[in-house]
Number of protein chains: 2
Amino acid sequence: MTTTEQMRHDLITTLEDRGFRLTKPRRDVATAIETQADAFTAEDLCESLPAVGRATVYRTIKLLVDTGALCKLAMPDGAPKYSLARVGHHHHTVCVRCGKVSDFRDTTVERMLRSLAKEIDGQIVGHRMEVYVDCSDCVP
Amino acid sequence: MTTTEQMRHDLITTLEDRGFRLTKPRRDVATAIETQADAFTAEDLCESLPAVGRATVYRTIKLLVDTGALCKLAMPDGAPKYSLARVGHHHHTVCVRCGKVSDFRDTTVERMLRSLAKEIDGQIVGHRMEVYVDCSDCVP
DNA sequence: CAGTATTATGATACGGATTATCAGTAACAA
DNA sequence: TTGTTACTGATAATCCGTATCATAATACTG
Ligand SMILES: [Zn+2]
Ligand SMILES: [Zn+2]
Ligand SMILES: [Zn+2]
Ligand SMILES: [Zn+2]
């Protein structure tokens, strides 16, 4: 089985494991996501899936984000992008010029959060971090 | 001069220093921001400034964010909030239940970014980090 | 297999949030 | 003061996402 097929399999089985029905539109969305070379917007998926209703695309994305199979990235402006959560928890760099997204992992962030937990009021339930860059394609 | 007057002064002079005209609507927006006890949305300002056009409120907020006088915070859902950048660079905790925003500073993040700069493709031009919490009012 | 209950779909309308338009107005330099 | 230019604000338009709801697909039961 190829890596790509494995990823689709993971997306589909993630939904199946949660008790959701494996419908054709959901399979189509999973396949479309696997063929995205880079991070994508909901609208990107809608365009590549004219046969699937917009509402279903948005609903399926939300399911996959909730199950952790997709990362939702806040962009400086405009619609969020999504990327496959291939390597578990990680963060992203986003080129502010061309929009290219890359992953990175850094345990320093998580260590910082653990020390922060002792200082602040309340319980940490999540975090988000994006690093904005000029990528080497855009600013050589 | 009170601290509050100083903050408004800073907002206004920030715009003046950039060569923007000091108009009454802009002064009104600056004054409204200074009277916000907590982080606020663009709509909060519009409501407290019925005499100022919506577009002008949004335009002034954008100017102040661009100059660094205001922080723009991505919320898990809904419209972004803004807060005065009183203490220089900092990050935020956001209660996912009541929306209360608090500031924190942590040099660990910045240290991580410096080491990250060596690993990644391109130049870091900015970053954003929000820590989501259940605050002690909401989950005692 | 039916037959039935449940869930999912998708066309469409709707909503909130932000931006574009553009004629009129106000700031400010000369 | 006067002319240039930036700014304003009513409104329309846009963008992004969600609610509705009749229809269809799926799973369950006998
Ligand atoms: Zn780039
Ligand atoms: Zn993290
Ligand atoms: Zn709270
Ligand atoms: Zn920082």
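# Two protein chains and two DNA strands

Modeller: Between chain A and chain B the count is 3 salt bridges, and this comes from a predicted model, with every value computed from its atoms.

Colleague: Why is the pair K100(B) and D121(A) called a salt bridge?

Modeller: The closest N and O atoms of K100(B) and D121(A) are 3.9 Å apart, and the term asks for a side-chain nitrogen of Lys or Arg within 4 Å of a carboxyl oxygen of Asp or Glu. The pair therefore qualifies, since 3.9 Å falls within the 4 Å cut-off. Besides salt bridges, there are 9 residue pairs in polar contact between chain A and chain B, both residues being at pLDDT 80 or more. On the side of chain A that touches chain B, the elements giving two or more residues are α5 (107–119) and β5 (123–134) of chain A, and β5(A) gives the most, with 12 residues. By class, that side of chain A divides into 15 nonpolar, 8 polar and 8 charged residues.

Colleague: How many residues does each chain bring to the contact, and what area is buried between chain A and chain B?

Modeller: Chain A brings 31 residues to the contact and chain B brings 30, while the area buried between them is about 2500 Å², with carbon and sulfur atoms giving 62% of that area. Within chain A, the residues that lose the most area to chain B are M112(A), R128(A) and Y132(A), which together account for 21% of what that side buries.

Colleague: What makes β5(A) and strand β5 of chain B a pair?

Modeller: Two strands pair if at least two bridges are found between them, and β5(A) and β5 of chain B (residues 123–134) share 11 bridges, so they meet that condition. The two strands pair in the antiparallel sense, and one of the residue partnerships in this pairing is V131(A) with H127(B).

Colleague: Which strands pair within chain A, and what is their sense?

Modeller: Strand β3 (residues 91–95) and strand β4 (residues 101–104) of chain A are joined by 4 bridges and run antiparallel, with T93(A) having S102(A) in β4(A) as its bridge partner. The hairpin of β3(A) and β4(A) has 5 residues between the strands, and G99(A) in this hairpin takes a positive phi near 85°.

Colleague: Which residues are closest to DNA strand C?

Modeller: DNA strand C is surrounded by 20 residues, the closest being R21(A), T23(A), R59(A), Y58(B) and K62(B). At least two residues of this surface come from each of α2 (24–35) and α4 (54–66) of chain A and α4 (54–67) of chain B, and α4(B) supplies the largest share, 5 residues. By class, the surface near DNA strand C has 10 nonpolar, 3 polar and 7 charged residues.

Colleague: How do you know that Y58(B) is in polar contact with a phosphate oxygen of DNA strand C?

Modeller: A polar side-chain atom of Y58(B) lies 2.8 Å from a phosphate oxygen of DNA strand C, and a polar contact needs N or O atoms within 3.5 Å, so the pair counts as one. T56(A) has a polar side-chain atom 3.1 Å from a phosphate oxygen of DNA strand C, whereas R21(B) has a side-chain N or O atom 3.3 Å from a base nitrogen of that strand. Of the atoms of DNA strand C within 4 Å of the protein, 63% belong to sugar or phosphate and the rest to bases.

Colleague: How many residues surround DNA strand D, and which are the closest?

Modeller: DNA strand D is surrounded by 17 residues, and the closest are K62(A), P80(A), R21(B), T23(B) and R59(B). Of the atoms of DNA strand D within 4 Å of the protein, 65% belong to sugar or phosphate, the rest being base atoms.

Colleague: What makes the approach of T23(B) to a phosphate oxygen of DNA strand D a polar contact?

Modeller: A side-chain N or O atom of T23(B) is 2.5 Å from that phosphate oxygen, and because the cut-off is 3.5 Å, the pair counts as a polar contact. G53(B) meets a phosphate oxygen of DNA strand D through a polar backbone atom at 3.2 Å, while R21(B) has a polar side-chain atom 2.9 Å from a base oxygen of that strand. The elements giving two or more residues to this surface are α4 of chain A together with α2 (24–34) and α4 of chain B.

Definitions and conventions. Residues numbered from 1 in each chain as written. Chains lettered and ligands numbered in written order. Predicted model: local features only at pLDDT ≥ 70, side-chain atom pairs only at ≥ 80, totals over all residues. Heavy atoms only, no water. Contact = heavy atoms within 4.5 Å. Buried area = accessible area lost by both parts, 1.4 Å probe. Polar contact = N/O pair within 3.5 Å; in protein donor to acceptor, adjacent residues only side chain to side chain. Nonpolar A, V, L, I, M, F, W, Y, C, P; charged D, E, K, R; others polar. Near = heavy atom within 4 Å.
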